[in-house]
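Biologist: Could you take a close look at one part of this model for me, the way its helices pack against one another, and then follow the side chains outward from there? I would like a connected account that a first-year student can follow with the structure open.

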Amino acid sequence: MTKNEIAIQQAAEKRQLAVLQTSPKQYLQAMRPKSVDDVFSSSEPALAMVARELGENHARAIVVILLSEVVDFFNASNTMNDAQVAITTDLIIEEYPYFKIDDLKLAFRNAMKGRYGEIYNRMDGSVIMRWLKQYNQERCAKADIASFNEHKDRIEEEKTGLFYDEYRK
């Protein structure tokens, strides 16, 4: 990424933070990432950036909103109480500060689709952390592939350049 692209990305993240700060619930409900590639190309801020720019409590509130959507979706008799949601929220922020907000949204949507296995009438922090671990493995594999492809492209670009002696001719 060039310096200009990084600056553009940072400005977009700042705009997203401003919108997120004013109406987080509506903002999160409107978010619809379909794939990890969508997440990588989005300008959503990471959890660590939300915590740094808007405060730790705001980052927690965002995760709680997303978690409550998941808990409401599953009709499990053994569900999470408020204390479990709070602890799980802190664990998520601690373990995955580099996740963008849409990473969480996508991981939870995938879990709702059954992509990470059955919940067996049990919804708790360990189930959610297992989902995020599986999602993170998938995410890292995609990132490795993207990084390797970018590396190959740069090597190809370098091969098409001119050597100094050719330039002088």
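Modeller: In this predicted model, helix 6 and helix 8 pack with their axes 10 Å apart and at an angle of about 25°. Angles under 35 degrees count as roughly parallel, and helix 6 and helix 8 are therefore roughly parallel to each other. Helix 6 passes helix 8 in a right-handed crossing. On the side of helix 6 the contact is made by Thr-88, Leu-91, Ile-92 and Glu-95, and these residues meet Gly-125, Ile-128, Met-129 and Leu-132 of helix 8. Sorted by character, the residues of this contact of helix 6 with helix 8 divide into 5 nonpolar, 2 polar and 1 charged.

Helix 8, which covers residues 125-159, also meets helix 7, which covers residues 101-112. The axes of helix 7 and helix 8 come within 10 Å and cross at roughly 110°. Since 65 to 115 degrees is the range for roughly perpendicular, that angle makes helix 7 roughly perpendicular to helix 8. The crossing of helix 7 with helix 8 is right-handed. Helix 7 brings Asp-103, Leu-104, Leu-106, Ala-107, Phe-108, Asn-110 and Ala-111 to the contact, while helix 8 brings Ile-128, Trp-131, Leu-132, Tyr-135, Glu-138 and Arg-139. The residues of the contact of helix 7 with helix 8 divide into 9 nonpolar, 1 polar and 3 charged. If you compare the lists, you will find Ile-128 and Leu-132 of helix 8 in the contact with helix 6 and again in the contact with helix 7.

Another residue to look for in helix 8 is Val-127. Val-127 has a relative accessible area of 1%, so it counts as buried. Leaving aside its neighbours within four places in sequence, Val-127 is in contact with Ile-119 and Arg-122. Asn-78 is 49 residues away from Val-127 along the chain, and the C-alpha atoms of these two residues are separated by 12 Å.

Trp-131 and Tyr-135, which were named in the contact with helix 7, lead on to the aromatic rings. A pair of aromatic rings is described by the distance of the centres and the angle of the planes. With centres within 6.5 Å as the cut-off for a pair, the model has 6 aromatic pairs. In one of them, the rings of Phe-74 and Trp-131 have their centres 5.6 Å apart and their planes at 35°, so the pair is tilted. Phe-74 lies in the loop between helix 5 (56-73) and helix 6 (82-95), whereas Trp-131 lies in helix 8, so the pair ties together parts that are 57 residues apart in sequence. Phe-74 and Trp-131 are both buried. Tyr-96 and Tyr-98 form an aromatic pair with 6.2 Å from centre to centre and 75° between the planes, an edge-to-face arrangement. Tyr-96 has a relative accessibility of 5% and counts as buried, whereas Tyr-98, with a relative accessible area of 39%, is partly exposed. Ring pairs link Tyr-96 and Tyr-98 with Phe-99 and Tyr-135 into a cluster.

Helix 5, which stands on one side of the loop that holds Phe-74, has a packing partner in helix 4, residues 47-54. The axes of helix 4 and helix 5 come within 6 Å and cross at roughly 135°. That angle makes helix 4 oblique to helix 5. Here Leu-47, Val-50, Ala-51 and Leu-54 in helix 4 meet Glu-56, His-58, Ala-59, Ile-62 and Val-63 in helix 5. The residues of the contact of helix 4 with helix 5 divide into 7 nonpolar, 1 polar and 1 charged.

Within helix 5, His-58 is a residue worth finding. His-58 has a relative accessible area of 18%, and because buried means under 20%, it counts as buried. Apart from neighbours within four places in sequence, the residues in contact with His-58 are Leu-20, Gln-21 and Val-50. Leu-47, 11 residues from His-58 along the chain, has its C-alpha atom 9.7 Å from that of His-58.

Notes. Residues numbered from 1 in each chain as written. Predicted model: local features only at pLDDT ≥ 70, side-chain atom pairs only at ≥ 80, totals over all residues. Heavy atoms only, no water. Phe/Tyr/Trp six-rings, centres within 6.5 Å; stacked < 30°, edge-to-face > 60°. Helix = DSSP H or I, 4+ residues; strand = E, 2+ residues; numbered from the N terminus. Buried < 20%, exposed > 50% of the residue type's maximum accessible area, 1.4 Å probe, protein only. Axes fitted to C-alpha atoms, helices over the stretch in contact; angles between N-to-C directions. Parallel < 35°, antiparallel > 145°, perpendicular 65-115°, else oblique. Left-handed = near helix turned anticlockwise from the far one by under 90°. Contact = heavy atoms within 4.5 Å. Nonpolar A, V, L, I, M, F, W, Y, C, P; charged D, E, K, R; others polar.
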